[in-house]
Amino acid sequence: MHKLISKKKLEKILKNREIKNGIWLYILQFFNSVVPLITLPYITRILGKENYGIFSFSLNIIGYLTVIVEYGFDFSGTRKVVLATERKEIEKTFISILIAKVCLCVLCFLGLNIFFQFYYMENIEKLSCYILFLSVVGTALQQTWLFRGLEKMYYITVISVISRIISLALIFQFVTVKEDILLYCILYSITPLLIGVFGVIIAFRLLNRISLENIFTNVLSELKSGWYIFTTSLSSKVFSAIGITILGIVSTKEDVGVFSALQKIPTALLLMWVPVSQVLYPFASKKLKENFEQGLIAIKKVEQIVIAIGIIVTGFICLYLQKIVFYAFGCEYEEYYYLLIPLLIWMNIGIWNNFLGIQTLLAGGYDKEYSRCFQISVLTTVVLNVLLINKFELIGAAIAPMLSEIILFFLLNYTVQKIKKL
């Protein structure tokens, strides 16, 4: 009898739309985080520090363009779909965001060429950037925000899993020497491009009554809605990427390769957190809209569990830092294992800030306040990176994001407490 009751409870849980959506999100994030980790030890050894540094610096530049194309629609678009009362609203949001992203993609390509006119890059670096720009095109076409809002993540998850498996197999088969860097760039860009193409096809099939009526006004409206989230996303990108940018300008390609490789460990752990954040966001939006104080209590309960898990995982990694770096990247990178300590602290504070910022301020509709905190902290991030990298080089690049996240924590916490009093 007890087993029967447990089975019924399990079936009831699995039928819950939010839980099913969360499971698909976790499968998606598992492949997004684990597959790069599978190829990383192989690629860092094959390409070597210098060529991996060239790839990383090029990808770093493309990363800024990706954020511009995403623009914050992942959150503003999802929130609109979740709160929409009519199908027509969802259809209008979809076509408006798609056109906005395509236009931003074109502007980014023009911007990349202008950048090459003012900043000298070797031909191999330029070619890497052009090839990796295919992933930006894929981002412009991706509709993850729509499927997440509709709670139909299995579409995009299946496409992503198949694309990543194909990419993984091709990398191991054809990237065999350090001169294959451009081929690696092509194979790296295949996944987001395929996800984007098939994602937009499925979206058009789901939403078969697309209207271009008042499209210019609607596009401007979506850009306006996502503005504060975009500035926050760009600031977040600066948080994680400015170190590689400055290292690429003032230091060697080998230093860029080392820092980029080691940064992948806390970044991969953060990717495991992303599905929780994405599932929690619609839930937090609803709870905070119903009752702000009760919503904060519900968010706090999840926060305590996640933070505790993060501390335990970090403690375990710290016990075996040098061995982890050796097995993950090879002997060329082993001596730099100490860089992971401040980077892991940065990761944990970053998750904490997600609860204060995205799950509280952003989900509660306080986009402007959230953006203001990031605008202040991003200036601090740039200054800290410039000063510390010039003074301490690699260790400075690792300490700067940690200090920046600490400053952001105090800014976000102060803002949340101020809103609670009001």
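**Salt bridges and burial**

Author: Arginine 79 and aspartate 367 are both buried (under 20% relative accessible area; exposed is over 50%, partly exposed in between; 1.4 Å probe, protein chains only). This is a predicted model, in which local features need pLDDT of at least 70 and side-chain atom pairs count only at pLDDT 80 or more, while totals for chains, interfaces and linings use all residues. Residues are numbered from 1 along each chain as its sequence is written, and side-chain values use heavy atoms, leaving out hydrogens and water.

Reader: Why is the contact between the side chains of arginine 79 and aspartate 367 called a salt bridge?

Author: A salt bridge requires a side-chain nitrogen of Lys or Arg within 4 Å of a carboxyl oxygen of Asp or Glu. For arginine 79 and aspartate 367 the N to O value is 3.1 Å, so the pair qualifies. Arginine 79 belongs to helix H3 (residues 73-83) and aspartate 367 to helix H16 (residues 367-392), so the salt bridge ties together parts 288 residues apart in sequence.

Reader: What makes the pair of lysine 253 and glutamate 125 a salt bridge?

Author: Their side chains meet at 3.3 Å, N to O, which therefore satisfies the cut-off. Lysine 253 lies in helix H11 (residues 253-290) and glutamate 125 in helix H5 (residues 123-141), so parts 128 residues apart in sequence are tied together.

Reader: Why is glutamate 125 called buried?

Author: Its relative accessible area is 4%, so glutamate 125 counts as buried.

Reader: Why does lysine 253 count as partly exposed?

Author: The relative accessibility of lysine 253 is 21%, so this residue is classed as partly exposed.

How values were computed
Helices (H or I, at least four residues) and strands (E, at least two) are DSSP runs, numbered from the N terminus.
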